[in-house]
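Q: I'd like a close look at one part of this model, and then a walk through the side-chain contacts elsewhere in the chain.

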Amino acid sequence: MKRNLLLILSLFMYICGYCENYPYRSDVLWVTVPDHADWIYKTGENPKIQVQLYKYGIPVDDVTLKYEIGGDMMPADATGTTTLKNGVAEIKMGTMKTPGFRDCRLTATVDGATYRHHVKVGFSPEKILPYTQMPDDFDNFWQRNKDELAKVPLSYTMTPAPQYSTDKMDCYLVKLTVSRQGQSIYGYLSMPKNAKPGSCPIVLCPPGAGIKTIKEPLRHKYYGENGCLRFEMEIHGLNPEMSEQQFQEISKAFGGRENGYLQNGLDNKDNYYMKRVYMACVRAIDFLTSLPEWDGKNVAVQGGSQGGALAIVTAGLDPRVTLCVANHPALSDMAGYKAGRAGGYPHFFNTPGMDTPDKLKTMAYYDVVNFAKKLTVPTYITWGYNDNTCPPTTSYAVYNVITAPKEALITPINEHWTSDATERGQLDWILNHINK
């Protein structure tokens, strides 16, 4: 018994130290184990989930476990209770007749404190197809916008950023004009020290959602230190050297759900805020391919969440892109809620007044699933099942329509995050797929 307890405690400390699914230094650990190792079932099958709960690494005993079960991001259609015996209980998840995901949401009260967890399993997810359809003039609309952008002269400044340089890499703060109206975006460009002309592949990294600064330019320094021209960009025209207080004030003023940039102009495809963002990504490729250090062959795009969406969008829009890497892409099958299932971030249908014919029409022009259909380059996507920000239903809706060469890294337990190892692995994937 002592040996088993030590093993449980060791497992507890290891997981709490390294897995973001569990709160750092929490006294409580949830473990949810579906009876299929890959968390995947065929439609019509009936999964069972073993739930384990530990406090201080010791199994919780004789505690009531409440659960509710429903479709991915959908209201519960089943509820119940069971009792944890020696830290373990079993729950039947129910089934699905159509491809999708079910989510089991768990609650337990231990020593007066309430703890929550959840687990999602998939039913024939490889057959999930998007609700969103491609507009007839989709290609013409985006070609017209690219043609307009091409008329804007390439204009930028590069200022050395020695605070983000290393002994192997130089960093520059770039201000890049992205529209005829003179709007700009900023970003940090990293490149190997003393890079020779024609020696470096490009990696464009658009940002996740929000109005925020580029907080950690050195977090992915291994791109520049391993031979890449990496451009980590923002999309709002806000200098990342502004103070955190200034960013917070701007974010509060323009980042709310009712007045945020992702809702701005959604009634009209020509006026939607994200049109300039998508074109800014193309202009960033213009900038990067103008640099003498570019190898003239390789252009990768890489990002997560909104950045994953923009990576796929850019690869679908710009034929110069040769590789695409995306984590749990946002803006994917956003109208999926109309089919009675999860839709993609920013979950417009959670806000009153968003479900209108004009807004739905605009969404289709900007939805990632329609750009995914246009991909022709090798693509690498990763996502988790327990993600409620960019739910797995929408990631599969994207992945399943890609006809280009594709690979997936699926990490079922992950919520809306990727590990450092996964992110470093994406550079390895890019370097293994470049044309030499």
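How many bridges join β3 to strand β4 (residues 58-59), and in which sense do the two run?

A: Keep in mind that this is a predicted model. Two bridges join β3 to β4, and the strands run antiparallel. Within that pairing, Tyr-54 stands opposite Pro-59 of β4. The β3–β4 hairpin has two residues between its strands, and Tyr-56 takes a positive phi near 60° there.

β3 itself covers residues 48-55, and six of its eight residues are buried, so the rest of the structure largely encloses this strand. It has other strand partners too. Strand β1 (residues 28-34) is antiparallel to β3, with seven bridges joining them; take Val-31, whose bridge partner in β3 is Gln-52. Then there's strand β7 (residues 88-92), which pairs with β3 over five bridges, again in the antiparallel sense. In that pairing, Ile-49 has Ile-91 of β7 as its bridge partner.

Now for the charged side chains. Searching the whole structure turns up 20 salt bridges. One of them pairs Glu-68 with Arg-105, with 3.9 Å between the closest N and O atoms. Glu-68 belongs to strand β5 (residues 63-71) and Arg-105 to strand β8 (residues 100-110), so this contact ties together parts 37 residues apart in sequence. The two ends sit in unlike surroundings: Glu-68 is partly exposed at 34% relative accessible area, whereas Arg-105 is buried at 17%.

Another salt bridge brings together the side chains of Glu-148 and Lys-151, at 3.1 Å from N to O. Here Glu-148 is partly exposed, with 36% relative accessibility, and Lys-151 is exposed, with a relative accessible area of 54%.

Lys-193 and Asp-170 also meet through their side chains in a salt bridge, with 2.6 Å from N to O. This pair links distant parts of the chain, 23 residues apart: Lys-193 is in the loop between β12 (184-192) and β13 (200-205), while Asp-170 is in strand β11 (residues 169-177). Lys-193 counts as partly exposed, at 33% relative accessibility. Elsewhere, Arg-283, Asp-286, Asp-318 and Arg-320 are joined into one network by salt bridges that share partners.

On to the rings: the whole structure holds 24 aromatic pairs. Tyr-164 and Tyr-188 make an edge-to-face pair, 5.1 Å centre to centre and with 75° between the planes. Since Tyr-164 is in the loop between β10 (156-160) and β11 and Tyr-188 is in strand β12, the pair ties together parts that are 24 residues apart in sequence. Tyr-164 counts as partly exposed at 21% relative accessibility, but Tyr-188 is buried at 4% relative accessible area.

Tyr-272 and Tyr-366 form another edge-to-face pair, with 4.8 Å centre to centre and 85° between the planes. Tyr-272 sits in the loop between α4 (244-254) and α5 (273-290), and Tyr-366 in helix α7 (residues 357-366), so parts 94 residues apart in sequence are tied together by this pair. Both Tyr-272 and Tyr-366 are buried. They also belong to a cluster linked by ring pairs, with Phe-138, Phe-141, Trp-142, Tyr-278, Tyr-365 and Phe-371.

Tyr-365 from that cluster has a charged neighbour as well: Lys-269 lies over its face, at 5.2 Å from the ring centre. You'll find a similar arrangement at Tyr-223, where the charged end of Arg-230 sits over the ring, 5.1 Å from its centre.

Conventions. Residues numbered from 1 in each chain as written. Predicted model: local features only at pLDDT ≥ 70, side-chain atom pairs only at ≥ 80, totals over all residues. Heavy atoms only, no water. Salt bridge = Lys/Arg side-chain N within 4 Å of Asp/Glu carboxyl O. Helix = DSSP H or I, 4+ residues; strand = E, 2+ residues; numbered from the N terminus. Buried < 20%, exposed > 50% of the residue type's maximum accessible area, 1.4 Å probe, protein only. Phe/Tyr/Trp six-rings, centres within 6.5 Å; stacked < 30°, edge-to-face > 60°. Lys NZ or Arg CZ within 6 Å of the ring centre and 35° of its normal. Pairing = 2+ DSSP bridges.
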